[in-house]
Amino acid sequence: MAPVSSDVRGRGAEPGSADLSLLRKDFPLLAHEVGGRPIVYLDSAASAQRPVQVLDAMREYDETTHANVHRGVYAIAEEATRRFEAARTKVGRFIGASVPDREIVFTKNATEALNLVAHAWARTNLQPGDAIVLTEMEHHANIVPWHMLAVERGITIRWIPIDDDGKLVLDDLDRLVDGAKLVGITCMSNVLGTLTPIRTVADAAHAAGAVVVADGAQSVPHLPTDVAALGVDFLAFSSHKMLGPTGIGVLWGREKLLAAMPPFLGGGEMILDVRKDGFTPNDIPWRFEAGTPPITEAIGLGAAVDYLEAVGMDAVRAHELSLTRYAMDTLNRRFGDDIRIFGPADPAGRGGVLSFAYREVHPHDISQVLDQYGVCVRAGHHCAKPLMRCLGVKATARASFGLYNDESDVDALAEALDQVGAFFG
Amino acid sequence: MPGLEDLYREIILDHYRSPRNRGELESPPAQRVEGFNPLCGDEIVVTLDVHDGLVSDIKIAGTGCSISQSSASLMSAAVKGKPVDEVRGLIHTFKEMMSIHESTLPSAVEKGTGGSAVADVEPLEPEAIDIEALGELAALQGVVKFPVRIKCATLSWNTLAQGLDEAEASTEASA
């Protein structure tokens, strides 16, 4: 694999000093133009761009090594299996898993990882009348599987509310988790950017005997992650938001919990034996990986982890925090009362995600005008309709940062927003 | 890349800023239908009175972007007081305009931008659609050049079509 470009390795060790702008040239797509203008990509919370190191690793694997895994007794099949499992271990170490080769389950995405918990853990452990707890800022992926289960199993859902600053209100936490069997919580809101007090909630949940399922889709790509420090029991995240390819996601679960869970999907790979009168499930983690897994994608995800580790997650966080602070200052100063940025006012309490309203202009119209200037933002409800209702809006425009963004991208956003104002008056 | 002026024609911005027939009719007796665009969270409420084969009154409520709101406003002005059959014809024509390939549009001089519209129906020859018959609604034809916005423009029309179906069904049920 090509080394991470430039000499940025470790340079961001001092908070706030990170200059990752030299990394931009590792991302081929960012060199493209849209309508004759350089692309200003501010939608990494939806999907990140991939560095050439990830693209090369996948191509190299496909051209030299590809075969199905865990089957063939020939050289490339064994090498494919070795590399696939090495990617698993690498991902596990990246988030501080204590048994990385057994606690990492590859899924299709974070959504499937959360559904896996709802199917395999919750269907075994929840009875009619049981309660679970979610927060009002969850993504639909950590709501709808539980709604489906509520209908099927007759469980009830309690909600941790949010305040005007977009933070969780924990005053009633002990009462909310009392008697609950499970708590589902995002580590970082995909709309507000809010970093949640995950450890506090996990400790309260555990004291009440509940299992904690964390949605790390937004946090794992942008913050140092250590599952032991988070104190959760399951953590779901997606490759494509952390510089890797689409088509693969991850569920980390405590070894003991995973080992006690029945399979998710049925098929090949997830069995030890199949007879006419039944089957014996495989050991973890393969028990949860029916069928041929996303092998090339796992190689790509492994390369993405290598890339992030070479840069350093502390440096990534420092860079994105500095950029978020610059963006909030710039937009608030330039647009005053015309702009409303949702979520915590203090940049330190949030990730690099800025949802905003601009005058009375509908987010779709904002996004359409920004697109004319090559500025890519997301407009819509961001798969968080309960949160939209809490905020009293139908939709927001959202700019989100990756390690490859810099202040010039924020300036381009501000310039283009001026045009929105000019157009819609 | 098509320009903003293709999309946001002056008449569209006018209907967005000053929407016609805004509000809700009392329901019942009016037929009330809600439409949702799951992509962006937009929602529209169409209430309509159908009497003696006429759409005698119509009102539009809900929230949405300039395209969905102006399309609904233009629609309300175009169908109010018109016979149901004529309204159904207009819905059909409008949806055809929204589903044809941009390069077949009479006004599309530039070709080769490569975007093809998301089509509900088979693309039609340009002469098959009477753009003139759409009157002010023709201002929305530029939306076809922005395929993701087509659903914004058709939301109110689909909702109206559902309202007509339901009004007809309830009339038959009570007859």
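## Exercises on a predicted two-domain chain

In this model, 28 residues of domain 1 of chain A are in contact with 31 residues of domain 2 of chain A; contact means C-beta atoms, placed from the backbone, within 7 Å. The model is predicted, with local features needing pLDDT of at least 70 and side-chain atom pairs pLDDT 80 or more, while totals for chains, interfaces and linings use all residues. Residues are numbered from 1 along each chain as its sequence is written, with chains lettered from A and ligands numbered from 1 in the order in which they are written.

**Exercise 1.** Describe the side of domain 1 of chain A that touches domain 2 of chain A.

*Solution.* Start with the bounds, which come from an automatic or database domain assignment: domain 1 covers 11–50 + 312–424, and domain 2 covers 56–309. Next, find the elements, which are DSSP runs numbered from the N terminus (helices: H or I, at least four residues; strands: E, at least two). Helix 11 (313–335), strand 14 (353–358), helix 13 and strand 17 (396–400) each supply at least two residues, and helix 11 has the largest share, with five residues. Finally, sort by class: 14 nonpolar, eight polar and six charged. Here Ala, Val, Leu, Ile, Met, Phe, Trp, Tyr, Cys and Pro count as nonpolar, Asp, Glu, Lys and Arg as charged, and the others, Gly among them, as polar.

**Exercise 2.** Now turn to chain B: which element of chain A gives the most to the side that touches chain B?

*Solution.* First, 15 residues of chain A are in contact with twelve residues of chain B. Helix 12 (363–372), strand 16 (378–380) and helix 13 (385–391) of chain A give two or more residues each. Helix 12 gives the most, with five residues.

**Exercise 3.** Trace the open sheet of seven strands in chain A.

*Solution.* Read the order as 4-10-9-8-7-5-6, with mixed pairing; two strands pair if DSSP finds at least two bridges between them. The edges are strand 4 (104–107) and strand 6 (156–160), each pairing on one side only. Then look inside: strand 5 (residues 131–135) and strand 7 (residues 180–186) run parallel, joined by four bridges. One pair of bridge partners is A:A131 and A:A180.

**Exercise 4.** Which residues does A:V212 contact, leaving aside its neighbours within four places in sequence?

*Solution.* The list is A:V183, A:I185, A:A202, A:A205, A:V232 and A:D233.

Key
Contact = placed C-beta atoms within 7 Å.
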